[in-house]
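Let's take a walk through this structure together. Have the sequence and the 3D view at hand, and follow along at your own pace.

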Amino acid sequence: MKSTIMNKIILFNPRAVSGNNFRIPNSILQVAASIHDQFGYVIVDGNQEKDPWIKIQHYLDTGVFQYFGCTAMPGPQLKQAIPISKKIRKNYPQVVTIWGGYFAANQHKVVLQSDFVDFVINGPGDKSFPALLDALENNKPYEFIPNLIYKTVDNEIIKTNKETLLDQNSLPDLPYAKLNEFYPIKSYLKKTHLGKETIAYHSSMGCPFTCSFCAVVPIYEARWKGKSAQKIYKDIKFIKENYGGDAIEFHDNNFYVSEKRTVEFSKLIKREKMTWWGEGRIDTIDRYKDESLALMRESGCKMIFLGAESGNDSILKDIDKGGKQSGDQIRKFAARLKKFDIVPEYSFVLGFPGLSEAEVMGQIDAEIKFIKEIKEINPATEIIIYLYSPVPTEGSDLYKKITAAGFQFPQKLEDWLNPAWENFDLRKNPLTPWLTPQMVDKIKNFETVINARFPTATDPKVTHFQRKVMGTIAALRYQTGFYKFPYELKVLQKFWLRYRQPEVEGFAVENEV
């Protein structure tokens, strides 16, 4: 069906990273695919623009752009999404602003109450976004379009029904050629630990688990749909042949849900001699056959990001980690991956709420001890440390616990621009009342010491000599457990290693500004 829309759409991807460590903007491309060949649109990538407002204003001044679509992830993207959306409402009040992304969905009340965002896409917008545009342009009702959140003239917030996740193979191809008209695809293929030209790709939607600390749970509600191995391979091969690429980062919430799909993809990609990385669950991949893991490594799987979260089984239960993950399994899986030369990239979350300060501090001490145990089992294990930042599902036991402890999100959208809340979104500053400064210092100081003792292998800038020197300097602190005041390590990391934090910036990019 060809739309009768005459007005055009600006699709905006706000800056998400520092420097030039950006990737293909798959979220905006997914939205673009839903309206491609139906509506006129342009793409503005804040990562590629010194000042994206200049380009956005230029488009709006033409008078043909009536709709502004913006993805809004928590953290850095809000620094452009909020002020630009506000400026559009002030200077171009006729423009309809539509936000998507899990920040917009999870914090829809403050987003819509800002009065400069008109609609929120609640989850995938493959059907709802073009349907909403068609309804607005042709004066049709939109109240029954799924995956929408909006505010009525009476200030009532309405959430329409959730749509079943669509067959990912049935969706249109991402319009890489269209993106290439605005920004060269080649500019997104960065040098990383994986390769010289790394492709970012999203092969599935959702996750079948309901971890109560995870921001995607309220959106996907334990649903998952993935593209077939053949479709993934076809897309990757297209990008490689037309724009380049020798490595792949899969940005799925859970790439490894299906062993069959992973094995099929491994067989296909093996011939391309590409290195690849993805995110998964320990208890899921631990069910894989040895032959599957061996094939994955042969096909180029170099590292897997895994949410270990905690070595404490009681905490894993409290946070609704789901599945069968346990502290013992985390240990055994680190050893198992060592046999296949696949690096486990374990993330841990420290600072969950407890009944008393003593209990919280005891949990932190236990997690530090557990992390060191993992490094003994498999020294190649990459360790990512997060401070617990509440994003629990409303109504969950964890949600009740953190609200009872006095935690509260900002009540105004612009309050999210406070630097403290940006760090909160990056899980570097918890703003949680149960964590004392002493606890936060202990976690951050341990993080400094372990990162010095074992500099991340994902940063290609760090030389073998630098790793050896840093490891030697930090060895005594690490072995004795003396983590206080590690100023000498912080200075060396900042000015000599220019240490990067993969938990914030992803894989390393050389020549970063």
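Helix 3, made of residues 78-91, lies across strand 1, strand 3 (65-71) and strand 4 (96-100). Against strand 4, helix 3 runs at about 165 degrees. Keep in mind as you look around that this is a predicted model.

Now turn to the sheet itself. It is an open sheet of 7 strands, with mixed pairing and the order 2-1-3-4-5-6-7. Its edge strands are strand 2 (41-45) and strand 7 (157-159), each of which pairs on one side only. From one strand to the next, the twist averages 20 degrees. Take strand 1 (residues 8-13) and strand 2 as a pair to inspect: they run parallel and are joined by 5 bridges. Here you can find Phe12 standing opposite Val44 in strand 2.

There is another sheet to visit. This open sheet has 6 strands in the order 8-11-12-13-14-15, and its pairing is parallel. Strand 8 (198-201) and strand 15 (382-387) each have a single partner strand, so one side of each is left without a neighbour in the sheet. Here the twist averages 20 degrees from one strand to the next.

Within this sheet, strand 12 (residues 275-280) pairs with strand 13 (residues 301-309) in the parallel sense, over 5 bridges. Gly278 has Ile304 in strand 13 as its bridge partner. Helix 12 (residues 290-299) packs on the sheet and touches both strand 12 and strand 13, its direction making about 125 degrees with that of strand 13. Helix 14 (residues 327-339) packs on the sheet too, touching strand 13 and strand 14 (343-350). The direction of helix 14 makes about 155 degrees with that of strand 14.

Next, let's look inside. In soluble globular proteins, nonpolar side chains tend to be buried together. The largest nonpolar core in this model has 141 residues, and those with the most contacts inside it are Ile56, Trp99, Trp276 and Tyr346. Apart from that core lies another, of 6 residues, among them Leu165, Met205, Val216 and Tyr220. Leaving aside neighbours within four places in sequence, Tyr346 is in contact with residues including Ile282, Leu306, Phe333 and Ile384.

One last stop is Asn445, in helix 18 (residues 437-453). Is Asn445 buried or exposed? Asn445 counts as buried because its relative accessibility is 12%, and buried means under 20%. Beyond its neighbours within four places in sequence, Asn445 is in contact with Tyr483, Lys484, Phe485, Pro486 and Lys490.

Definitions and conventions. Residues are numbered from 1 along each chain as its sequence is written. This is a predicted model: local features need pLDDT of at least 70, side-chain atom pairs count only at pLDDT 80 or more; totals for chains, interfaces and linings use all residues. Side-chain values use heavy atoms; hydrogens and water are left out. Two strands pair if DSSP finds at least two bridges between them. Helices (H or I, at least four residues) and strands (E, at least two) are DSSP runs, numbered from the N terminus. Axes are lines fitted to C-alpha atoms, for helices over the stretch in contact, and angles run from 0 to 180 degrees between N-to-C directions. Contact means heavy atoms within 4.5 Å. Buried means under 20% relative accessible area, exposed over 50%, partly exposed in between (1.4 Å probe, protein chains only). A nonpolar core is a set of buried Ala, Val, Leu, Ile, Met, Phe, Trp, Tyr and Cys residues joined through side-chain atoms within 4.5 Å.
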